[in-house]
Amino acid sequence: MPLDTSTYHLSLLRLDGRRWNELRRLSAQISTQAAADGSSYLELGNTKVICTVAGPAEIRGGQRREGAERDNAAVMVEVGVAGFAGVERKRRRGDRRTTEMANIITSAFTSTCFTHLYPHSTIQINLHILSQDGSLLAACLNAATLALIDAGIPMSDYIAACTSGLAPPNPSNHDSADPLLDLNGMEEQELPFLTVGTLGAGERVSVLTMESRVQVGRLEGMLAVGVDGCKQVREMLDAVVRRRGERVLASVVS
């Protein structure tokens with residue numbers, strides 16, 4: 001069913017009832033998989049992701065991979081999509097989209113994690129997508145951040161990510177187009193959007209990817225809205241980590 005773009009002026013609500021600058025409900029947990037060194041489960045709207053981290057682990061002689069013998073640890077990412085995750089009921093692993101996502105996530109955390117502390121080692125990040133309804137790369141980045149924190153791997157700061165899109169122009173003024181925060185799956189099919197990830201509480205951009213065409217003059221507004229959304233996401237991720245820390249401390253004291 002095509003998206004009803006007639007309701008996308010800022011004075012009105014979006015199709016899912018949100019205003020232009022509202023995030024969908026974000027909930028997350030860490031230490032969800034006892035067998036993993038670090039793990040997390042994250043829901044961003046109807047997008048649901050499980051992340052597990054193994055390592056840092058030293059590479060043995062028969063298992064050495066390219067890049068693992070350097071002075072820094074090699075970050076390796078695998079992304080798998082469950083067959084029931086979307087409309088297309090097929091298992092997706094190794095296709096172009098998941099490979100691109102894995103490369104982006106690898107690059108982001110290679111520069112963020114203190115890999116120099118673990119020479120000749122690998123850090124394996126496995127992402128399992130259970131449901132997808134927009135902001136998939138952002139959800140994976142956020143879930144990986146929590147899982148790496150749970151694994152105790154030192155990082156310079158959180159990577160918090162979200163999406164930002166551009167609403168269709170107002171019929172009365174075709175030169176105006178307003179930015180939207182945190183697009184769902186239906187909006188991503190119809191509107192140009194970007195995914196941005198920031199490092200820490202500031203505005204330092206560590207991830208920025210966009211597959212749509214948009215006028216350069218409107219890119220700044222989209223990026224500003226996305227960065228503001230990342231600040232909100234970071235506060236939510238930090239709250240999850242702090243709650244987990246409080247529970248751990250309470251169990252130790254008792």
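In this predicted model, Asp 16 and Arg 18 form a salt bridge, their closest N and O atoms lying 2.9 Å apart. The two partners differ in how much of them can be reached from outside: Asp 16 counts as partly exposed, at 35% relative accessibility, whereas Arg 18 is buried, with a relative accessible area of 8%. Arg 18 also forms a salt bridge with Asp 182, where the closest N and O atoms are 3.7 Å apart. Because Asp 182 lies in the loop between strand 8 (179-181) and helix 3 (185-190), and Arg 18 in the segment before strand 1 (26-30), this pair ties together parts that are 164 residues apart in sequence. Asp 182 is itself buried, since its relative accessibility of 0% falls under the 20% cut-off.

A further salt bridge joins Arg 24 to Asp 133, with 3.9 Å between the closest N and O atoms. Here, too, the segment before strand 1 takes part: it holds Arg 24, while Asp 133 sits in the loop between strand 6 (121-131) and helix 2 (136-150), so the pair ties together parts 109 residues apart in sequence. Arg 24 is buried, at 8% relative accessible area, and Asp 133 is partly exposed, at 21%. These residues belong to a network of salt bridges that links Arg 14, Asp 16, Arg 18, Arg 24, Asp 133, Asp 182 and Glu 187. For the model, the count of salt bridges comes to eleven.

The wider fold gives these links their setting. Four helices and ten strands make up the secondary structure of the chain, and along the sequence they follow the pattern β-β-β-β-β-α-β-α-β-β-α-β-β-α. Of contacts between residues at least 6 apart in sequence, 69% join residues at least 24 apart. Among the 254 residues of the chain, 46% count as buried. The accessible surface comes to about 13,100 Å², and carbon and sulfur atoms account for 49% of that area.

Helix 1 (residues 96-112) offers a pleasantly clear example of a helix with two faces. At 1.5 Å a residue, its 17 residues should span 24 Å, and the 25 Å between its end C-alpha atoms agrees with this. Its buried residues are Thr 98, Met 101, Ala 102, Ile 105, Ala 108, Phe 109 and Thr 112. They cover an arc of only 135 degrees around the axis, and therefore lie on the same side of helix 1. In an α-helix there are 3.6 residues a turn, so residues three or four places apart point the same way. The face turned away from the buried side carries the exposed residues Arg 96, Asn 103 and Ser 111.

Conventions. Residues numbered from 1 in each chain as written. Predicted model: local features only at pLDDT ≥ 70, side-chain atom pairs only at ≥ 80, totals over all residues. Heavy atoms only, no water. Expected span 1.5 Å × (residues − 1). Buried < 20%, exposed > 50% of the residue type's maximum accessible area, 1.4 Å probe, protein only. Arc of directions from axis to C-beta. Contact = heavy atoms within 4.5 Å. Areas by Shrake-Rupley, 256 points an atom, 1.4 Å probe, with all protein chains shown as cover. Salt bridge = Lys/Arg side-chain N within 4 Å of Asp/Glu carboxyl O.
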